[in-house]
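Reader: I'd like to learn how to read a structure like this one. Could you walk me through a few features?

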Amino acid sequence: MKKPICAELRNALLAGLLALLAGTVGMAAAPQMPRYRFENFTTANGLPNDHVYAVLVDGSRLWAGTEDGLAVYENHAWKTYTTRDGLAHRAVLSLALDQRTGDVWAGTMAGLSRISGGRIDSFTQLNSGLSNDVVYGVSVEGENVWVATAAGGCRLNLRTGQWSLYNERNTPMNEIWAYSVSATPTKVYYAVWGSGLLEYDQKTGRWDKYDDPDGENEIVLFKDQGLIHEIVTSVSYVDNILWAATYFGDSRYDGRYWHNFLTKDSGLPSNFTNQVKGVDAKRAWFCTDKGLAYYDGVNWAVYRSSLQDGRPEMTVRDEAGKVTAVPVSTAPAHNYVLGIDFQGDDIWVATAKGLSHGIRQHP
Amino acid sequence: MRSGSIQTVHARGSVRPARKLGACGWSWTVLSMVAGVCLGWAAWSGSSVHAGEEKPSVESMDYASPLEVLLSPDGARLYVLCQQSEEIRVLDATKYAVIKTIAVGRVPRGFSLSPDGARLFVTNSWDDTLSVIDTNSLSVVDTWPVGAEPSSVVEDRAGKKLFVANRISNDVAVLDAETGAEQKRLLAGRGASYMALSPDGTKLYATHVYPNPSRVRTGLENRTAPESEITVIDVARAVVVDRMALHQIAGVFHVAFSADGRLGAVAQYHPKNTVPLAHLEHGGAFEDTLTVFGADVGKPVEVPLDELERYASQPFGVVISSDKSRMYVTSSGSESVIVIDVARLVRTIHAHPASFVQDLSASANYVVARIGVGLNPRGLALTGDGRRLFVANRLDDTISVIDTAGNRVVTSIKLDGPKRISPLRHGEQTFYSARQSFQGQIACATCHIDSTFDGMTWDLEPDGFGRDIVDNRLIEDLIDTDPFKWTGTNPNIPTECGPRTEKYFWRSEQWDNLTLTDVTLYMRSLPPRPSRWKLRGYELTAAQERGKAIFERNVDKFHNPIGEFNRCIYCHNGLKGTRQQSFDVGTGKETDNTGVFDTPQLSNIALTAPYLHDGSARTLEEIWTVFNPKDQHGRTNDLTKDELNDLIEYLRTR
């Protein structure tokens, strides 16, 4: 039976419409991910050293922990604090801000320093109860300063002056090389090199531990089974969500389910992650040895210099895994990224060869 | 120490109200006097009263001891903070009649009015509370817990925040002005004590009485010049925004501003502790100075108050007249008020851009009068019209009223209290007065601030320059801690404070025997301040318990017995923590004439850094982490870091 012409026309139109629609989907723009113009600081424009281990935003001020002192950027000028000013050591590995008092705490290669109104007091394993002079991480919560050191964790109670040490003798920490600490009023988490994640419950005073279910094997038997690896380098606890970085991938834990991120199944540019910093329950930044990555809960963006030609690049990976290049003209100072902090919509990025100010670009 | 009560000094030296002076009160007083004489003789003769014996105090007179004065905004009332009687006396500021006496907490130290004058806040330094007095009803309406040894209080102009300087916790606490709830504590200088708002109310300036810990080790190690600061706090944000460095300053007291905010001043000591203290006649051990700051002078400038033969020992209170013509400073050791012509001071500063702090002739350029007042003058208050100045004379229970036009005392308001000067009171008066020393330069209290210590080390003895550097020790709780001196060579306080000290420090006439006995009585009467590290009920925390076990152990972690002499508790035994003997604990230096040192008592050891005989250990930890490599100062090198922390937690309870 011959089809009515109107029906043929209708089908043709429908087919054309579907084809057009399909074409539109196929050519859809990459998800809208934040874009930045990066301004980079090195020794050429004021930094005391290009090796920037940590960065901290303090209102309009910016602190950079470098290999050669603690630099503060304020009113478009850099000032550097050194051991001559009382800093425990020239190499500043970690930074934390006491939001209540405005004091800055700096973990260094030879002690912990408190910078308060321009005065620096330093705590070492010899002159105080600090467990070890190599301070990889520091976090301030209420009256307590929590510290991650090469010999376990410790807590300084600012009210009483008491130091409490946490190590293999009183916690499930079977290695004591603590890399990072994230303290909140409810929970405190330690990232421990070779000993997974330690959780301290502020209410009960009890410790718990999260390990890689595959132990120290460099394999993942079952995806999302638990913490991705025992060598945990960084932890960030935000909105009751635990973000953990390791040298072999990253993890997110919501209290019930783990979700792991590897280069093979996410937008991570590298599994070697120096720091993770959660923005909220969904979003986080990952500082890797092959660039800076942002995850918005679905999509990924990577900011770096191209691994092929060194040109600035930004790539976006959508939920389906499609990667789209976004034209950019700037990139962070170096692909080996060590730290990040937020200043409103802007980001500040610590890298192995300079500090970068990511100035948010709005369409 | 309420009015009318007497005290009992217990074996551990704590002070508690014993009974009211009622019908039998005078008999108690007489008994106390007799006991005082007896104890005085005991002290003089070198014998001691043994721990464990309950004994009445050497005396129990309830003096008012006015420490601070304050005028109400309308100038009608004069508030007097009476430290020993622990009360605020409210006087009519014209007729000087007492309107009311208000009991407050233990050993009040500072007070201030709310901007509208409706509330009077009083810091009670020994029970760590703040009394809130309604100035309408003249009654305490609230008592709020605050930090350790609160020493002054200031409310912001908005009436939202209270700032409390805590001497022991070295901070400024920020409280909700309505509820007293503490919001946070800001790191201040060591011994944070006095504060003032800038006239525009935007900044709070805080001082501290002990120098800040040395930050960086120097070639001189323990012989570091003191460093102090004026902590500047942004009132609206309640954060520290600056620390004005005061180099070579230790002991900073009141701070004041001119009404226009262009000139500020702090009263302070300038010790010379890095040179041998051998020549008082060459400018002495201390200079008594001000640091002035603000737009009128540019950078902060230190200016001397001393004059040859007329030293301004222990400057304490400072106030600037509203027309900025005059500045008044109490010199509590010299029992005088120094009157400064502000315009001439500013001119002198601008004319001498280089430091002239060591110039004993400089003060003649701006000091226009030195007015003798009562004993140990401390706080002062100036009427709004600047015509009358009130001065609290702490140790003779009077308020001097100075006519500022004639620079003379026109009235001395006698506060109610004992008329007789007890031996103990006389001892205290002597302790705080510089009259006895060469040119009136220093008093005992110059180095023992508020009868404590000064946080510094000195090259004191005539044993050769650079020899026997010694840390200044706390003088509380001295009974049963003899002998004295780090070398333990002075068997009792009269020897320690007697002819030797007089020859060395005073370079003038000696105290007579009765005066020396009274000073001894006073020093032996000083109880320890309450430990801030003990829990209520004196039970120990888990860490303190673990530390106590380490302190008392006789076997090390490897199950090896610890020799008797190498146990903490052997040398630091008994309630005071001293065997009262000298030992070689391996801490002697090449500069020491002996390596054998007296065992110091442990009372309030947490407060008294630096440590060891020469102050070379900046913290308790360093005693063992740095200065005990061979386990001579107790067996400690088997301890882990957390075990050492436990030991220190226990020591802080002593």
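Reader: What do E22(A) and E23(A) form, and how many residues lie between them?

Author: Keep in mind that this is a predicted model. For a hairpin, look at two strands and the stretch that links them. Here E22(A) and E23(A) make a hairpin, with five residues between them. The two strands run antiparallel and are joined by five bridges. To see one pairing, find Gly278(A), which stands opposite Ala284(A) of E23(A).

Reader: Which strand does E23(A) pair with through the hairpin of two residues?

Author: That's E24(A), which a hairpin of two residues joins to E23(A). E24(A) covers residues 291–295, and its pairing with E23(A) is antiparallel, over five bridges. Try Phe286(A) as your starting point: its bridge partner in E24(A) is Ala293(A).

Reader: Why is E23(A) described as largely enclosed by the rest of the structure?

Author: To judge that, check a strand residue by residue. A residue counts as buried if 20 or more other C-beta atoms lie within 10 Å of its own. Five of the five residues of E23(A), 284–288, are buried, so this strand is largely enclosed by the rest of the structure. Then look at the two faces: Ala284(A), Phe286(A) and Thr288(A) are buried on one side, and Trp285(A) and Cys287(A) are buried on the other.

Reader: Now a helix: how many residues of H11 of chain B are buried?

Author: Same kind of check. Ten of the eleven residues of H11(B), 641–651, are buried, so to speak a mostly covered helix. Among the buried ones are Leu644(B), Ile648(B) and Tyr650(B), along with charged names such as Lys641(B) and Glu649(B).

Reader: What covers those buried residues of H11(B)?

Author: Look at both chains for this one. The cover includes strand E13 (163–166) of chain A, as well as helices H8 (542–552) and H10 (620–625) of chain B.

Reader: And how many residues does each chain give to the contact?

Author: For a contact between chains, count each side separately. Chain A gives 21 residues and chain B gives 23. On the side of chain A, the elements that supply two or more residues are strands E9 (119–123) and E13. E9(A) has the largest share, three residues. Sorted by class, that side of chain A holds four nonpolar, twelve polar and five charged residues.

Reader: Last one: which domains does the assignment give for chain B?

Author: Domains can be made of separate stretches, so read the ranges with care. Domain 1 of chain B is 104–214 + 225–247, and domain 2 is 539–651. Their C-alpha centres lie 35 Å apart.

Terms used. Residues are numbered from 1 along each chain as its sequence is written. Chains are lettered from A and ligands numbered from 1 in the order in which they are written. This is a predicted model: local features need pLDDT of at least 70, side-chain atom pairs count only at pLDDT 80 or more; totals for chains, interfaces and linings use all residues. A residue is buried if 20 or more other C-beta atoms lie within 10 Å of its own, exposed if 12 or fewer, and partly exposed in between; C-beta atoms are placed from the backbone. Helices (H or I, at least four residues) and strands (E, at least two) are DSSP runs, numbered from the N terminus. Two residues are in contact if their C-beta atoms, placed from the backbone, lie within 7 Å. Two strands pair if DSSP finds at least two bridges between them.
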